[in-house]
Amino acid sequence: MARGKFITFEGGEGSGKSTQASHLVTHLGGQGIETVLTREPGGVPFAERLRELILAKKPATPITEFLLFAAARCEHIAELIEPVLSLGQWVVCDRYIDSTRVYQGRLAGIDADLISVVEAQTVAPNFPDLTFILDVNPRIGLARAEARGELSRYDAASDEAHATLRQGFLDIAAAEPNRCVVVDGSEDEMEIARQIAAVVDRRLLGQA
Ligand SMILES: Nc1ncnc2c1ncn2[C@@H]1O[C@H](COP(=O)(O)OP(=O)(O)O)[C@@H](O)[C@H]1O
Ligand SMILES: [Mg+2]
């Protein structure tokens, strides 16, 4: 059986990741592809417990936070991502390695080489086949998330920090064009969903 495809959504808070991940799962279902929708941090019970812990309170050091995220990801891969892909089903994940690279790397200052080593030892070979970077002005994203009452402790960061995060995602997309596609998250929700579905159909399903 062919291994399933792994698609991730990345971007700032309120950029539309959860909305578009859900639209994509619906689209794939229409194509007859069984897909599991999941999120990080979390996705499996052990990692969801770590999520609660991490989101509730900032640890004393950035490395603590980085290692907890890494631990949560190991559990997620072992208990969900790897087995589902092995079964030939697809996985759509709301945030993954790029959020770590940007929030813990760019913003919190964890060394990029350390992040790479940990990825090589924990994530590999479960790198995404395709990543959508939803790019939106942070003020628009935060206003959307706030309207939903969904702000987390990460969203209280300064404008400068949000600009750093946004640029971090764009830099990853520029460095890995085969994996990453930047989507303008300020457009109409259903228009974005159509664009994303078209990219998936072309890149992963070999449709014109
Ligand atoms: N393209 C869009 N235009 C306007 N509002 C949107 C769009 N996409 C999502 N939203 C709304 O913005 C809020 C945040 O979207 P969400 O998908 O939860 O973002 P994220 O998961 O990236 O934080 C939700 O209320 C959602 O309905
Ligand atoms: Mg979300």
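Which residues line the second largest cavity? In this predicted model, the lining of the second largest cavity is made up of F66, F69, A70, R73, T100, I115, V118, E119, T122 and V123. The elements that give two or more residues to that lining are α3 (62-86) and α5 (112-123), and α5 gives the most, with five residues. Sorted by class, the residues around the second largest cavity comprise six nonpolar, two polar and two charged, and the volume they surround is about 60 Å³.

**The cavities and the pocket**

Rolling a probe the size of a water molecule over the atoms shows where empty space is left. Across the whole structure, a search finds two cavities of 30 Å³ or more. The table sets these beside the largest pocket.

| Space | Volume | Nonpolar residues | Polar residues | Charged residues |
|---|---|---|---|---|
| Largest pocket | about 870 Å³ | 10 | 12 | 15 |
| Largest cavity | about 180 Å³ | nine | five | four |
| Second largest cavity | about 60 Å³ | six | two | two |

The largest cavity is lined by 18 residues, and those that lie nearest its centre are G11, G12, E13, V136 and P138. At least two residues of this lining are supplied by each of β4 (130-135), α6 (138-147) and α7 (159-175), with α7 giving the most, five residues.

The largest pocket has 37 lining residues, of which E13, G14, K17, S18 and D94 lie nearest its centre. The elements that contribute two or more residues to the lining of this pocket are α1, β2 (35-39), α2 (45-56), α3, α4 (97-107), α6 and α8. Among the contributions, the largest share of the pocket lining, five residues, comes from α1. E13 is thus named twice, once among the residues nearest the centre of the largest cavity and once among those nearest the centre of the largest pocket.

**Ligand 1 and its surroundings**

Where does ligand 1 sit? Ligand 1 is placed in the largest pocket, and the elements that give two or more residues to the shell around ligand 1 are α1 (17-30) and α8 (189-203). The largest share of that shell, three residues, comes from α1, the element that also provides the largest share of the lining of the largest pocket.

In total, 16 residues surround ligand 1, and the closest of them are G14, K17, S18, T19 and E187. Of these, G14, K17 and S18 are also listed among the residues nearest the centre of the largest pocket. When the shell is divided by class, one residue is nonpolar, seven are polar and eight are charged.

Which atoms of the protein come into polar contact with ligand 1 can be illustrated by three pairs. A polar backbone atom of G14 is 2.8 Å from an oxygen atom of ligand 1, and a polar backbone atom of G16 is 3.0 Å from an oxygen atom of ligand 1. In the case of R144, a polar side-chain atom lies 3.2 Å from a nitrogen atom of ligand 1. Taken alone, ligand 1 exposes 560 Å², and the protein buries 81% of that area.

Note on methods:
Residues numbered from 1 in each chain as written. Chains lettered and ligands numbered in written order. Predicted model: local features only at pLDDT ≥ 70, side-chain atom pairs only at ≥ 80, totals over all residues. Heavy atoms only, no water. Near = heavy atom within 4 Å. Polar contact = N/O pair within 3.5 Å; in protein donor to acceptor, adjacent residues only side chain to side chain. Areas by Shrake-Rupley, 256 points an atom, 1.4 Å probe, with all protein chains shown as cover. 1 Å grid on protein atoms, 1.4 Å probe; cavity = no way out; pocket = protein on both sides within 12 Å on 5 of 7 lines; lining within 4 Å. Sits in = over half its atoms within 2 Å of the grid points. Helix = DSSP H or I, 4+ residues; strand = E, 2+ residues; numbered from the N terminus. Nonpolar A, V, L, I, M, F, W, Y, C, P; charged D, E, K, R; others polar. Points joined across faces, edges and corners; volume = space filled by probe spheres on them.
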